[in-house]
Amino acid sequence: MPPARPLPPTESPLTESLRRWSTERGAQRAFTFVDFPTPDSPGRHRSLTWKRLDQQARTIAWRLRADVGPGERAALMLPQGLGYVAAFLGCLYAGVIAVPLFSPDLPGHAGRLAAVLDDCEPSCILTDTPTAPAIAAFAAEHGIPHLPVVRIDRPAGAGPLTDPSADPDRPLPVPELDDIAYLQYTSGSTRVPAGVMISHGNVVANARQAVVAFGVTADGSTSVGWLPLFHDMGLVLSIAAPVLAGMSSVLMDPASFLERPVRWLRLLGAYPGTISAAPNFAYDYCATRIDEEQAAPLRLDRIRVMINGSEPVRQGTVERFQRAFAHTGLAPEAHCPSYGLAEATVFVTTEPPADLPRTLVCDREALAAGHIRPCADDDALATVLVGCGTPVGQELRITDPVTGLVLPEDRIGEIRLRGPNIGLGYWKRTGRSQASFASRIPGERGDWLRTGDLGALHEGRLQVTGRLKDLLIVDGRNHYPQDLEETVQSSLDCVRRDRLALFTVTGDGRPDEVVAVAEHARDLDVTAELCAAAERAARARISARHGVRLARLLLVPPGAVPRTSSGKVSRSACRERYLAGEYEGEAAAGE
């Protein structure tokens, strides 16, 4: 492997790294976008060199600076691609706060997009010519006030925001590390999304933490990703870390992955030292959707890191993926379970790429009582946790959610964090920011981030058990919805994988009831008899395995269970739809 080039100083913003690579590696490929114009296309590659990327970002910066002041917001409403990368970096150069968003044609997220635009109050929208008509139609439909639209693919002088006299090579001011670089709106499907204020210092710190943790080098590593660039993990791993380290980045559209997941694996095998990331569901998706004929020619021995994060990592998923692609030369240790969240820019903990994923078999009764108690592999009342490694350049504590006191190892509590990657707070939400970003731990100095996530430390490694807001409390005992969901999934063939949500609802004067909403398989003849049988089977399995009574199981059509913009199921949004009665007309439930 070539010797690693030294990273830029910690105190340098991302734009300084871009300037450096434009000078030192100007003719080398920086970013590549691969699209698939036909179903059988091997992929059409388009690239930007470091010098060309720097020029495009500077050109966009000068166009912005002509009419948008420092600290004002620019909404990025672009398709996945090279233009998105240049637009984001152009905002950083201009001192304009970027708001990474998506095109209005992303299915199921129109309400969220309108809410974010209302919240961030952008001074302009950055887009391209093909997307501009959809933005105009969206604005008219949702009553959004007129905003200047900058088409980044039009030459200077052709749009409303221009400075024809500006030379892209003229020096631009260097951003202050404490200035807000962008607003990262959390991926949850909520009625009022919250934008995390990420500073220039935050994004550089987290990119550096990832680069060090995964052993990234400019000449020996390649980032390959399909995650949306408006998603925290996609933004940091596919843009920020490559720009910081000077490594090349290869992008594809999320829709291209969902259409044919084998495309992602082919790209991973086509470049040296590839690094990628995906939520847990994506690995299951690959294992179930890529058939033997597609998998046979794959060569995955060049993969260095496959980060599994953004939702609880399942042992079954890791094992299915390894079995499905064992013949490809994929190193088992390349699978790196990780933990992160937008409030920490993204990365928090990971297993190093030299270690195999670590599993921990726990007593389920102890887990429900808030303790990690290892037990035998063959214990019928066991839950298997997949460890998410150790912190990457930051401090982590497990605390009592009520008192804030630090808990000892093997005690489950709320995960709290402190480090240079922790965001500045929530945009326009002072009270919520104070509660989340400036919490105190008795006996500890300074402010800590309350993550809202539950977990424990076992032998120094983080075990993530779930979300505080999703925790099910039934008859005074704690249950994690993902465990019950997995039980329903494994007992019913009629349910689509990773398309179900389980939550509790409160009846009039009655104890909380546990409800499951699940999408049925496509092309299934859904009858009342089938629904009743499915509900009986799920109820019996959950009762036997968890000691919980399932009140209802609703089978709903494919696409009816809401997901976040990164593809994860949103239990809170599903619960809202259930309580609003939106499923009653399209689901037949058992008696």
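Colleague: A salt bridge is a side-chain nitrogen of Lys or Arg within 4 Å of a carboxyl oxygen of Asp or Glu. By that yardstick, how many salt bridges does the structure hold?

Modeller: Bear in mind that this is a predicted model, numbered from 1 along each chain as its sequence is written, where local features need pLDDT of at least 70 and side-chain atom pairs pLDDT 80 or more, while totals for chains, interfaces and linings use all residues. Side-chain values rest on heavy atoms, with hydrogens and water left out. Counted that way, the salt bridges come to 27.

Colleague: Take Arg358, then. Which residue does the side chain of Arg358 meet in a salt bridge?

Modeller: Arg358 is partly exposed at 38% relative accessibility, on a scale where buried is under 20%, exposed is over 50% and partly exposed is in between (1.4 Å probe, protein chains only). The partner is partly exposed too, with a relative accessible area of 22%. N and O are 3.8 Å apart in this bridge, and the residue across from Arg358 is Asp355.

Colleague: Where does Glu16 sit together with Arg19, its salt-bridge partner?

Modeller: Their closest N and O atoms are 3.1 Å apart. Helices (H or I, at least four residues) and strands (E, at least two) are DSSP runs numbered from the N terminus. Glu16 and Arg19 are three residues apart, about one turn, and both belong to helix 1 (residues 14-24).

Colleague: Of Glu16 and Arg19, which counts as buried?

Modeller: Glu16 has a relative accessible area of 25%, so it is partly exposed. The other residue comes in at 19%, which puts it in the buried class: Arg19.

Colleague: How many residues apart are Arg467 and Asp453?

Modeller: Their side chains meet in a salt bridge at 2.7 Å, N to O. This pair links distant parts of the chain, with Arg467 in strand 21 (residues 461-467) and Asp453 in strand 20 (residues 449-458), and the separation is 14 residues.

Colleague: Buried or partly exposed: what is Asp453?

Modeller: Arg467 is partly exposed, with a relative accessible area of 30%. For Asp453 the value is 7%, so Asp453 is buried.

Colleague: Which residues do salt bridges with shared partners join into one network?

Modeller: Asp355 and Arg358 already pair with each other. Bridges that share partners tie them into one network, whose members are Glu351, Asp355, Arg358 and Arg461.

Colleague: On to the rings. What kind of aromatic pair do Phe214 and Phe347 make?

Modeller: The whole structure has 13 aromatic pairs, meaning rings of Phe, Tyr and Trp (its six-membered ring) with centres within 6.5 Å, called stacked with planes under 30 degrees apart, edge-to-face over 60 and tilted for the rest. Phe214 lies in the loop between helix 6 (200-213) and strand 9 (222-225), while Phe347 is 133 residues away in strand 14 (residues 347-350). Phe214 is buried at 2% relative accessibility, as is Phe347 at 4%. Their centres are 5.9 Å apart and their planes at 70 degrees, so the pair is edge-to-face.

Colleague: Which residue of helix 12 pairs with Tyr283?

Modeller: Tyr283 sits in helix 10, and its partner in helix 12 is 38 residues apart from it. The two residues are both buried. The geometry is edge-to-face, with 5.2 Å centre to centre and 85 degrees between the planes, and the partner is Phe321.

Colleague: Which residues form one aromatic cluster?

Modeller: Tyr283 and Phe321 both belong to the cluster. In full, the residues are Trp226, Phe257, Trp264, Tyr283, Tyr285, Phe321 and Phe325.
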